[in-house]
Amino acid sequence: MRLRAHNFVAVLAGALLIAPSACQRGGHEAGGKDDAAPSPEGTRIGVITALTGTQAAFGQAHQRGYAIALEEINAAGGVLGKPLALDMYDDQSKPDIALQGATKLVDQDHVPVLLGSYSSESSLALVPAVTRKQVPFVVPTATADNILEQKSPWVFRLCAGSADYAAAMVDFLKSHGAPKTMAIVYENTNFGQSQAGAMRKAAAEGGIAVADEEAYSAGSPSYSPMLQRVKEKKPEIVYFASYLLDATTLMRQSRQVDLEPRFFTAAGTGFSAAEFPTADKGAGKDAEYTIAASQWVPQVKWPGAKEFDDKFFAKYGSHPAYHAMQAYAALKVAAAAIEAAHKAEAAAIRDALKDIHVESAFGPIHFAENGQNHHPVVVTQVQDGKHTVVWPQDVAAAPVRETPPWSAR
């Protein structure tokens, strides 16, 4: 991983030292302290993510990506010559708990930089807090574009946003039959609303009429009446914006109501989770043929991607989705910024983040004036139980497969 900031070049790689001492609501810890906790003089970075609650699968992916990055960083000598550690706070998949985490990590633990949270809802809630506290905030995964619309000079987003997802999917669709109608189904949260709005605009620009829009409350036991309404509109495409638990339920119930668009598509997230095609934690066979925007797969050609996949598989017994990679890259970038700043001080780290350039396993990283890293989006399809890149053509691992009727599967 080549890093450049203020003509500073650092190679970060190394050994695990996570100290998940951040408290949850009620004073319970997010995890026990690691036996190999670093000396108090070492730098500590604050992490807010969802270790419990409805988004726990994604928080676990974050945690694993951070662990591998931290292992590499400390094996290479740490940061500023001392071991790096993480204060990891469980936001329980709730924005108000994420805010409590920011207060605890910044005001009590005095961390000089924050990473997180997983969701757009929690990340949006954190923007005013980090701006007021004047601490840099690296956003690894939250895609709602209004996170950056507040124009905080303290916020740096690593991942692509809602508009990028929608543009990539419409580009794919225009090259695969140019469908004329679409239904948008989305979770009624900041994430879902942002994705739906972005797709509404992109579809109109791409000549696709939105035949139906359905907003739902996450975690509902049944979406069948909603899916039946979608079926009655006969859209060629269905575009979902859903987290893992809902993505699983939506696809199972799509089969039950016999909803049969030409393509089931999605704004990544639950449909791109490593667990989604599995029978025990996801939709299993009902996930087959689904198409999703994605920010990273192990097969990309960026330096270090294959090595990260190999380490992740050896450590956890499964291949990572992009959420783990985003956490890995976020910690590497934060560590590089601290090195470039030559001190673990918030304003100096912010200034280093503004100038940093990284050739990483997540692709080139450089933050524009608005804090956005311009990251490319690919389109994947679940084929034979695996997320396979099908677009753009120059990086596709296989052609897209037409979605057969449920009765023919």
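Let's start with serine 93, which counts as buried in this predicted model. Its relative accessibility comes out at 13%, and the cut-off for buried is under 20%. If you look for serine 93 along the chain, you'll find it in the loop that runs between strand 3 (85-90) and helix 2 (95-108). What is its phi? About 65 degrees, so a positive value, although serine 93 is not a glycine.

Some background for anyone checking torsions: most residues other than glycine have a negative phi, and most peptide bonds are trans.

Now, serine 93 has company. Alanine 178 also shows a positive phi, of about 45 degrees, and again we are not dealing with a glycine. This alanine sits in a loop too, between helix 5 (162-174) and strand 7 (181-187). Is alanine 178 buried, partly exposed or exposed? With a relative accessible area of 33%, alanine 178 is partly exposed.

On to the peptide bonds, and please rotate the model with me here. Which bonds are cis? One of them joins glycine 116 to serine 117, with omega near -15 degrees. Serine 117 belongs to the loop between strand 4 (114-116) and helix 3 (120-133).

Another cis bond goes from tryptophan 391 to proline 392, and there omega is near 0 degrees. As for where that puts us, proline 392 lies in the segment after strand 15, which covers 386-391.

So, friends, those are my stops for today: the positive phi values at serine 93 and alanine 178, then the cis bonds leading into serine 117 and proline 392. Thanks for listening!

Notes
Residues are numbered from 1 along each chain as its sequence is written. This is a predicted model: local features need pLDDT of at least 70, side-chain atom pairs count only at pLDDT 80 or more; totals for chains, interfaces and linings use all residues. Side-chain values use heavy atoms; hydrogens and water are left out. Helices (H or I, at least four residues) and strands (E, at least two) are DSSP runs, numbered from the N terminus. Buried means under 20% relative accessible area, exposed over 50%, partly exposed in between (1.4 Å probe, protein chains only).
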